[in-house]
Amino acid sequence: MMIRDGLGNPRDPAAAELPFPGYDALGPAELQQRVLTVDEDGVYTLLMYERRHGNRAPMIDVLQRRLASLRTWPASPSLSQRRRQRRRLMRRRERH
């Protein structure tokens, strides 16, 4: 969720408000894996935090790319949804 002040303006998130603990100790490769489980608002919160605290270009790049992918593509199906889709496809193939 985007963190806002009482007037609805975005505000600077504290480390305790980030989507997962230990963000400051992550490198770009680790962040790229961890951010896959975070929703759009969470990625935006991380991006605001990074810009105001570390302002590390590689981290900002990872976050901006993930944010763009979340805004461009629909949410990916869950594992159980993919399994159901695969089973349906296999049944169709067996019938023909």
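**Group meeting: a four-helix chain and its α2–α3 contact**

Let me start with the surface: the protein chain exposes about 7000 Å², and carbon and sulfur atoms supply 52% of that area. Please keep in mind throughout that what we are looking at is a predicted model, and that every value I quote was computed from it.

Of the 96 residues in the protein chain, 24% count as buried. As for secondary structure, the protein chain contains four helices and zero strands, so that, reading from the N terminus on, the order of elements is simply α-α-α-α. If we take the contacts in the protein chain between residues at least 6 apart in sequence, 61% of them join residues at least 24 apart.

I would like to spend most of my time on one pair of helices, namely α2, which covers residues 40–52, and α3, which covers residues 57–72. The axes of α2 and α3 come within 9 Å and cross at roughly 155°; since angles over 145 degrees count as roughly antiparallel, α2 and α3 are therefore roughly antiparallel to each other. The crossing in which α2 passes α3 is left-handed.

Which residues in α2 and α3 meet? On the α2 side we find Glu40, Val43, Tyr44, Leu46, Leu47, Glu50 and Arg51, and on the α3 side they meet Met59, Ile60, Leu63, Gln64, Arg66, Leu67, Leu70 and Arg71. Sorted by class, the contact of α2 with α3 is made up of nine nonpolar residues, one polar residue and five charged residues.

One of those charged residues deserves a closer look, and that is Glu50, which is found in helix α2. Is Glu50 buried or exposed? With a relative accessible area of 1%, Glu50 is buried, because anything under 20% relative accessible area is counted that way. If we leave aside the neighbours within four places in sequence, Glu50 is in contact with Tyr23, Asn55, Arg56, Met59, Ile60 and Leu63, and Met59, Ile60 and Leu63 are also among the α3 residues I listed a moment ago.

That list of contacts brings me to Asn55, a partner of Glu50 that is found in the loop between α2 and α3. Asn55 is not a glycine, and yet the residue has a positive phi of about 50°. In contrast to the buried Glu50, Asn55 is partly exposed, with a relative accessible area of 48%.

To close, then, the picture I would leave you with is of α2 and α3 running roughly antiparallel, with the buried Glu50 in contact with Asn55 in the loop between α2 and α3.

Terms used:
Residues numbered from 1 in each chain as written. Predicted model: local features only at pLDDT ≥ 70, side-chain atom pairs only at ≥ 80, totals over all residues. Heavy atoms only, no water. Axes fitted to C-alpha atoms, helices over the stretch in contact; angles between N-to-C directions. Helix = DSSP H or I, 4+ residues; strand = E, 2+ residues; numbered from the N terminus. Parallel < 35°, antiparallel > 145°, perpendicular 65-115°, else oblique. Left-handed = near helix turned anticlockwise from the far one by under 90°. Contact = heavy atoms within 4.5 Å. Nonpolar A, V, L, I, M, F, W, Y, C, P; charged D, E, K, R; others polar. Buried < 20%, exposed > 50% of the residue type's maximum accessible area, 1.4 Å probe, protein only. Areas by Shrake-Rupley, 256 points an atom, 1.4 Å probe, with all protein chains shown as cover.
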